[in-house]
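Biologist: Could you walk me through this protein at the bench level? I will ask short questions, and I would like short reasons with each reply.

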Amino acid sequence: MKKRSMLPAKSAMLAGTVLLSSLGLGVATAGPAAAYAGYCNSTVSGLLHSGWSTPVPAYKGSVDCYMEKGAQSSAVSALQRALKYCYGQNLSVDGIFGNDTRNALINAQSKEKISADGGYGTQTRKALKWYGSSSDTCAGLKG
């Protein structure tokens with residue numbers, strides 16, 4: 001008899017837990033996804049504070065994109081050049097976001113005193129210095 005009277009209470013608790021979990025998951029995934037145009041797969045010319053321009057990661061012309069380990073594109077090459085020339089990281093510029101690029105990015109994020117998670121997004125783009133090959137200089141982006 002006790003088992004029957006407990007069943008509705010357990011079902012209600014389970015339903016409540018599932019509902020809360022799904023609501024929490026929806027809130028957690030909606031915020032960051034809405035902040036980015038997409039996965040960085042190209043570059044656009046970004047104007048450096050020094051007056052020169054340099055390629056910076058982009059997705060369909062938007063610099064509000066993200067990258068992580070596994071990415072392969074010209075956007076990764078732009079990031080690798082910045083990490084190599086502006087942060088002194090021993091890194092090949094091969095366009096492949098592997099362990100070496102992730103570790104170099106963590107080091108640069110730490111130097112810039114931002115979240116050092118090894119992923120590239122808006123916070124990292126705004127904090128990093130970028131390499132202007134035509135001027136052989138490193139500077140932050142304007143705007």
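The questions and replies below go from the overall fold to single residues.

Biologist: How many helices and strands are there in the protein?

Modeller: Bear in mind that this is a predicted model. From the N terminus on, the elements run α-β-β-β-β-α-α-α-β-β. Counted by type, the protein has four helices and six strands.

Biologist: What percentage of the residues in the protein is buried?

Modeller: A residue counts as buried under 20% relative accessible area. The protein has 143 residues, and the buried ones make up 34%.

Biologist: Among contacts between residues at least 6 apart in sequence, what share joins residues at least 24 apart?

Modeller: Contact here means heavy atoms within 4.5 Å. Among the contacts in the protein between residues at least 6 apart, those joining residues at least 24 apart make up 47%.

Biologist: Which element supplies the largest share of the largest nonpolar core?

Modeller: In soluble globular proteins, nonpolar side chains tend to be buried together. The largest nonpolar core here has 25 residues, and those with the most contacts inside it are Met 67, Leu 79, Leu 83, Tyr 120 and Trp 130. At least two residues of this core come from each of α2, α3 and β5. The largest share, seven residues, comes from α2.

Biologist: Take Leu 83 from that list. Which residues does Leu 83 touch, not counting residues up to four places away in sequence?

Modeller: Leu 83 is among the residues with the most contacts inside the largest nonpolar core. Beyond four places in sequence, Leu 83 touches Gly 88, Gln 89, Leu 91, Thr 101, Ala 104, Leu 105 and Ala 108.

Biologist: Is Ala 78 buried or exposed?

Modeller: Ala 78 sits in helix α2, residues 74-87. Leaving out residues up to four places away in sequence, Ala 78 touches Thr 43, Pro 55, Val 56, Pro 57 and Trp 130. One of these, Val 56, is 22 residues away in sequence and 5.8 Å away in space, C-alpha to C-alpha. The relative accessibility of Ala 78 is 3%, so Ala 78 counts as buried.

Biologist: Is Ser 77 buried or exposed?

Modeller: Ser 77 also lies in helix α2. Apart from neighbours within four places in sequence, Ser 77 is in contact with Val 93, Asp 94 and Gly 95. The cut-off for buried is under 20%. With a relative accessible area of 15%, Ser 77 is buried.

Biologist: And Lys 84: what is its relative accessible area?

Modeller: Lys 84 has its place in helix α2. Leaving aside neighbours within four places in sequence, Lys 84 is in contact with Gln 89, Leu 91 and Val 93. From Lys 84 to Ala 108 is 24 residues in sequence and 10.0 Å in space, C-alpha to C-alpha. Lys 84 is partly exposed, and its relative accessible area is 32%.

Biologist: The structure holds two salt bridges. How many residues apart in sequence are the parts that Asp 64 and Arg 125 tie together?

Modeller: In the salt bridge between Asp 64 and Arg 125, the closest N and O atoms are 2.6 Å apart. Asp 64 lies in the loop between β3 (53-58) and β4 (65-66), and Arg 125 in helix α4 (residues 122-127), so the pair ties together parts that are 61 residues apart in sequence.

Biologist: Which residue of that pair is buried?

Modeller: Asp 64 has 28% relative accessibility, so Asp 64 counts as partly exposed. The other partner has a relative accessible area of 7% and is buried: Arg 125.

Biologist: How far apart are the closest N and O atoms of Glu 112 and Lys 129?

Modeller: Glu 112 counts as partly exposed at 21% relative accessibility. Lys 129 also counts as partly exposed, at 34%. The two form a salt bridge, and their closest N and O atoms are apart by 3.1 Å.

Biologist: Which element gives the largest share of the lining of the largest pocket?

Modeller: The largest pocket has a volume of about 240 Å³. It is lined by 16 residues, and the closest to its centre are Tyr 36, Asp 117, Gly 119, Tyr 120 and Gly 121. The elements giving two or more residues to this lining are α3 and α4. The largest share, three residues, comes from α4.

Biologist: How many residues of that lining are charged?

Modeller: The lining of the largest pocket has four nonpolar and eight polar residues. The charged residues in this lining number four.

Conventions. Residues are numbered from 1 along each chain as its sequence is written. This is a predicted model: local features need pLDDT of at least 70, side-chain atom pairs count only at pLDDT 80 or more; totals for chains, interfaces and linings use all residues. Side-chain values use heavy atoms; hydrogens and water are left out. Buried means under 20% relative accessible area, exposed over 50%, partly exposed in between (1.4 Å probe, protein chains only). A salt bridge is a side-chain nitrogen of Lys or Arg within 4 Å of a carboxyl oxygen of Asp or Glu. On a 1 Å grid over the protein atoms alone, a cavity is a set of points where a 1.4 Å probe fits but cannot get out, and a pocket is an open set with protein on both sides within 12 Å along at least five of seven lines; lining residues have an atom within 4 Å of a point. Grid points are joined across faces, edges and corners, and a volume is the space filled by probe spheres set on the points. Ala, Val, Leu, Ile, Met, Phe, Trp, Tyr, Cys and Pro count as nonpolar, Asp, Glu, Lys and Arg as charged, and the others, Gly among them, as polar. A nonpolar core is a set of buried Ala, Val, Leu, Ile, Met, Phe, Trp, Tyr and Cys residues joined through side-chain atoms within 4.5 Å.
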